[in-house]
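Work through the exercises below with the sequence and the coordinates open. Each task is followed by a solution in steps.

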Protein chains: 2
Amino acid sequence: MVKPFGAPMTDETQKDPALDIQSADQVVRHIALLIERGALRPGDRLVPERELAQELGVSRPTVRAGLHALAAMGVTESRQGAGTFITGGPPRLGAGPLSFLAALHGFTRDQIFEARKVLEVGAAGLAAERGLADRLAPMAEEVTGMFATLTEPQTFLVHDVRFHRAIAAAADNPVLLALVEMISSLVYEQRRRTVEHAIDLKESAEMHRRIYQAIRDRDPERARLEMTRHLDLARAAQASEQLDLPAGVLPSKVVGG
Amino acid sequence: MVKPFGAPMTDETQKDPALDIQSADQVVRHIALLIERGALRPGDRLVPERELAQELGVSRPTVRAGLHALAAMGVTESRQGAGTFITGGPPRLGAGPLSFLAALHGFTRDQIFEARKVLEVGAAGLAAERGLADRLAPMAEEVTGMFATLTEPQTFLVHDVRFHRAIAAAADNPVLLALVEMISSLVYEQRRRTVEHAIDLKESAEMHRRIYQAIRDRDPERARLEMTRHLDLARAAQASEQLDLPAGVLPSKVVGG
DNA sequence: AGAGCACATAAGGTCAGACCAATTCTCTTC
DNA sequence: GAAGAGAATTGGTCTGACCTTATGTGCTCT
């Protein structure tokens, strides 16, 4: 019985001492073990599939099944002819699972936006509390970029995205950053198609500036407040821009990348 | 619910003529398409692998690779002899990807806890704002359960977990709930092993009660404050209970049985 | 006639070997 | 020493077969 990855870990529903280890899962666990003990680090290359199959005493298709599962979780990336590698770069969570969940359970845009608000408001507050000086410049630059591209919606949006990411980064918490980016990508996926019809880019830029100033002044309360107001208005604006697009948009490429 | 998927999804579904796409992804996208247009709902059974292979013009191992990827994302579950099903039940996000990320990038317990704090404090605030009457009882019951099991740490922990879940549920946002449960499972995975040495269960129960009361009184500010204080102390307590366990802990059981 | 059991069927899980395609390495050649 | 051609490596896919588990059907026994 292959269940989705992830610890059920809730309450007493945790009673499956079954040892009917699926071979594919054996592969996943083997890699997990290597990662846990530090034998595999981001960017490292895995042992070739054929060798892995021999080591574990399973067939190659089985190994491949396990590797596909790992790839779906964003743990590994495979390049034909080169090998399979542990995903490098900054910590990231794929939006795929969340997209599927949204489509399956009919999450509304407002619900997604609200969750995003919780994360980003919290991040803004933490960023202001921390007050890391070297994180201010990137934020300031994106604000400048917004004011400079008021007539180019697509470019403006790029600065918008980067500004929000800069805030999450300034919160100095990789977990929070990964969560913010995961859920933001859902929102922006849509936003990119509707931003052309946006009207209040100047007002949007002003709000971003106020958020920046609050963080710069190390005023968490104000940072939270400004971020809250900004996202509330952004939600309303986006709702008016797109009145008939579906909510649960699955990514064009769920695996790999 | 926003849309009954009225809009024809032309974009990414049509740009398959490119042959450079991975076959396994093709399977994932095919299922994604069916889900998006509502042809597949939670609990539904998928077409048998062999038929799916024929429909898509690929081999069965390829189909299986795609299904493994979907299973890894928590979208499907397969039961030998029965079939492959769209995951039913309440919306949930597996903790696997986050666990791997934690292990790979050495997330600290404090970082995880902090992210959890952002989510749960936000959830508590929303729960208080919403003030849904029918969500109060479950929370109250768990508080009662805590007071009743002060001498049974493991049972106490179960009530603890359920209390926090009840709050997230009272926030009435499935996205937020899924996120809270995902990150909480990471924390509780550890907590279960250390709770035996906990000392201040009574104080913990009191704090939970204060959180409950704030939500019951529909006082968002107080709810946020109490939740913040509770989690700050809980983090400190857990830190003292376990002084030398590794941070990036992969689930002992990535795949259930 | 009804209940229980056994077998047939269906479906996922695994294996084996082969071939293709892209990449990387190496050795030759200028 | 550098550039190019060819060989080796490695992931991607296919074919076909067999096993294990679940389900459903029909037969037998009561």
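The exercises concern a predicted model and deal with two DNA surfaces and two helix pairs.

**Exercise 1.** Identify which residues come nearest to DNA strand D, and describe the surface around them.

Solution. Step 1: take the 24 residues around DNA strand D; those that come nearest are A:P48, B:S23, B:S59, B:T62 and B:G81. Step 2: assign the surface to elements. Two or more residues each come from α2 (49–56), α3 (60–72) and β2 (83–86) of chain A, and from α2 (23–36) and α4 (60–72) of chain B. Step 3: find the main contributor. α4(B) gives the largest share, four residues. Step 4: sort by class. The surface near DNA strand D has 11 polar, eight nonpolar and five charged residues.

**Exercise 2.** Do the same for DNA strand C: which residues come nearest?

Solution. Step 1: there are 24 residues around DNA strand C, and A:S23, A:S59, A:T62, A:G81 and B:P48 come nearest. Step 2: in chain A, α1 (23–36) and α3 each supply at least two residues of this surface, as do α3 (49–56), α4 and β2 (83–86) in chain B. Step 3: the largest share, three residues, belongs to α3(A). Step 4: the classes near DNA strand C are nine nonpolar, 11 polar and four charged.

**Exercise 3.** Determine at what angle helices α4 and α8 of chain A cross, and list the residues that meet.

Solution. Step 1: fit the axes of α4 (residues 96–105) and α8 (residues 174–194) of chain A; they come within 9 Å and cross at roughly 50 degrees. Step 2: α4(A) is therefore oblique to α8(A). Step 3: the crossing of α4(A) and α8(A) is right-handed. Step 4: on the α4(A) side the residues are A:L98, A:S99 and A:A102, and they meet A:M182, A:I183 and A:L186 of α8(A). Step 5: this contact of α4(A) with α8(A) holds five nonpolar residues, one polar and no charged.

**Exercise 4.** Is the crossing of α5(A) and α8(A) left-handed or right-handed, and which residues form the contact?

Solution. Step 1: the axes of α5 (residues 109–130) of chain A and α8(A) come within 10 Å, with a crossing angle of roughly 145 degrees. Step 2: the crossing of α5(A) and α8(A) is left-handed. Step 3: from α5(A), A:I112, A:F113, A:A115, A:R116, A:L119, A:E120 and A:A123 take part; from α8(A), A:L176, A:L179, A:V180, A:I183, A:S184, A:L186 and A:V187. Step 4: by class, the contact of α5(A) with α8(A) has 11 nonpolar, one polar and two charged residues.

How values were computed:
Residues are numbered from 1 along each chain as its sequence is written. Chains are lettered from A and ligands numbered from 1 in the order in which they are written. This is a predicted model: local features need pLDDT of at least 70, side-chain atom pairs count only at pLDDT 80 or more; totals for chains, interfaces and linings use all residues. A residue is near a molecule or strand if its C-beta atom, placed from the backbone, lies within 6 Å of it. Ala, Val, Leu, Ile, Met, Phe, Trp, Tyr, Cys and Pro count as nonpolar, Asp, Glu, Lys and Arg as charged, and the others, Gly among them, as polar. Axes are lines fitted to C-alpha atoms, for helices over the stretch in contact, and angles run from 0 to 180 degrees between N-to-C directions. Angles under 35 degrees count as roughly parallel, over 145 as roughly antiparallel, 65 to 115 as roughly perpendicular and the rest as oblique. A crossing is left-handed if the near helix is turned anticlockwise from the far one by less than a right angle, and right-handed if clockwise. Two residues are in contact if their C-beta atoms, placed from the backbone, lie within 7 Å.
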